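User: I'd like to go through this one by asking where each label comes from. Can you take me through the reasoning?

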Amino acid sequence: MTKFTINGSAGISEIMVGESFKNFREYLPGGQTVIITDENVNKIYSRFFNDFPTIIIGSGEKIKTLATVNNIYSQLMKLLADRSTFIVGIGGGIVCDVAGFVASTYLRGIRFGFVPTTLLAQVDASVGGKNGVNYKGFKNIIGTFNQPEFVICDTEVLHSLPGIELSNGFAEIVKHTLIADDTMFSYLENSFEKALNLDNEVISKLVAHSIRIKSGIVNRDEKESGERRLLNFGHTFGHAIEKISGISHGQAVSLGMVIAARLSQNLGYLSFEETERIKNLLLHLKLPVKGDFNHEKLIKAILKDKKRTAERIALILLTKIGEAKVEDILIDELRKMLTPTKD
Ligand SMILES: NC(=O)c1ccc[n+]([C@@H]2O[C@H](COP(=O)([O-])OP(=O)(O)OC[C@H]3O[C@@H](n4cnc5c(N)ncnc54)[C@H](O)[C@@H]3O)[C@@H](O)[C@H]2O)c1
Ligand SMILES: [Zn+2]
């Protein structure tokens, strides 16, 4: 088992890679525990937690709303949940984001932990203490920073994931290598087949490595005033693409990373060869590199992005594979660069 610790302002988060799902009960403090999960995860894995009261939410980005949160609050009240109640979110990024938000706000905050069951949730959504829901069509704009007490990443559960969900997780793994570690990028280039086949050694190494990168950044900048912004690489475009096209988060982030890499190349930071390596790796991991979306709509969606200020937008660019920086780009310049090219 590999362990990582995040020392958050609201508490310490212990992240364990290689611990078994069924052992989550060993980390509970005693007293009442309530599980929050989604319908799909409940169908496959309820045997691990069916002795606990369980709140089951639907699935899909559309249920990541205050209405779902409301419904959970009601169920918690019916269960007489009090300040000693512990919540465990078991599921993908949506369950973790919603469960973390509920636990952080119910009775001004009760204790919680996660068993992330998608690759994306293991390497990204369950790590770092951001939680929340979408509001009026905007992603994740209602939420808190608050650390789960434990995060149990059992790579065995990834075997039941549909292939597309696996790829979604690989998009975030690629992101972590691109902003912080060229050696790991090369490792992924050489081991993508084993990774896709969930070879235990390779996938465990990739999950642990991604968490090492993300938790390291979060430890240095929990509230995203500096370095943590680098984790948004590919996400300004990704969120906009997700919104206008309805494709999944990971797929949209893959397209967003290609656009950001191309911009980095146009600005002279990244070589053509490096951009090609990035595209090839994404393709190998069954991720899209070319989207069929309307560029005008994309620009409009980006302009609504919460990170925009006046005429400029802060973008994360790559200076090389394994190194990123934040740069303010003129929106007019961005518009020019986003004009579709033939490749
Ligand atoms: N808080 C953060 O820092 C952070 C970071 C990245 C992403 N996110 C959020 O995460 C969300 C996406 O998460 P996701 O990709 O995990 O999506 P998801 O939670 O929708 O899960 C994807 C699908 O897989 C199913 N599933 C989950 N585990 C399974 C398993 N083991 N076997 C079979 N099916 C399983 C789910 O029911 C769902 O249908 C987005 O809302 C995004 O905003 C948050
Ligand atoms: Zn993401």
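**Helix pairs, domains and the ligand shell**

Analyst: Let's start with a helix pair: T236, F237, A240, I241, K243 and I244 of α8 meet K297, L298, A301 and I302 of α11. Bear in mind that this is a predicted model.

User: What makes those residues count as a contact?

Analyst: The test is a C-beta to C-beta distance within 7 Å, with the C-beta atoms placed from the backbone. The α8 and α11 residues just named are the ones that meet. By class, that contact divides into seven nonpolar, one polar and two charged residues.

User: How do the axes of α8 and α11 run?

Analyst: Helix α8 (residues 235-245) and helix α11 (residues 295-303) have axes that come within 9 Å and cross at roughly 120°. As for the hand, α8 passes α11 in a right-handed crossing.

User: Why is α5 called oblique to α7?

Analyst: The axes of α5 and helix α7 (residues 200-220) cross at roughly 50° and come within 10 Å. Angles under 35 degrees count as roughly parallel, and 65 to 115 as roughly perpendicular. The crossing angle of roughly 50° therefore makes α5 oblique to α7.

User: Which residues make that contact, and what is the hand of the crossing?

Analyst: It's a left-handed crossing of α5 past α7. On the α5 side the contact is made by E172, I173, H176 and A180, and on the α7 side by L206, S210, I213 and K214. Those residues divide into four nonpolar, two polar and two charged.

User: What does α5 do with α9?

Analyst: The axes of α5 and helix α9 (residues 249-266) cross at roughly 35° and come within 7 Å. The crossing of α5 past α9 is left-handed. S167, N168, G169, A171, E172, V174, K175 and L178 of α5 meet H249, G250, Q251, V253, S254 and M257 of α9. By class, five are nonpolar, seven polar and two charged.

User: Where do the domains begin and end, and how do they touch?

Analyst: The domain assignment gives domain 1 (2-161) and domain 2 (164-338). Their C-alpha centres lie 25 Å apart, and the contact takes 26 residues from domain 1 and 25 residues from domain 2. On the domain 1 side, β1 (2-8), β2 (11-17), α4 and β8 each supply at least two residues. That side has 13 nonpolar, eleven polar and two charged residues.

User: How do you know that ligand 1 lies between the domains?

Analyst: Both domain 1 (2-161) and domain 2 (164-338) give residues to the shell around ligand 1, so the ligand lies between them. The shell holds 30 residues, and the closest are N40, G92, G93, T117 and T118.

User: Which elements supply that shell, and what classes of residue does it hold?

Analyst: α1 (39-45), α3 (93-105), α4 (119-125), β8 (138-142) and α5 (163-180) each supply at least two residues. By class, the shell around ligand 1 has nine nonpolar, 13 polar and eight charged residues.

Methods. Residues numbered from 1 in each chain as written. Chains lettered and ligands numbered in written order. Predicted model: local features only at pLDDT ≥ 70, side-chain atom pairs only at ≥ 80, totals over all residues. Near = placed C-beta within 6 Å. Helix = DSSP H or I, 4+ residues; strand = E, 2+ residues; numbered from the N terminus. Nonpolar A, V, L, I, M, F, W, Y, C, P; charged D, E, K, R; others polar. Domains from an automatic or database assignment. Axes fitted to C-alpha atoms, helices over the stretch in contact; angles between N-to-C directions. Parallel < 35°, antiparallel > 145°, perpendicular 65-115°, else oblique. Left-handed = near helix turned anticlockwise from the far one by under 90°. Contact = placed C-beta atoms within 7 Å.
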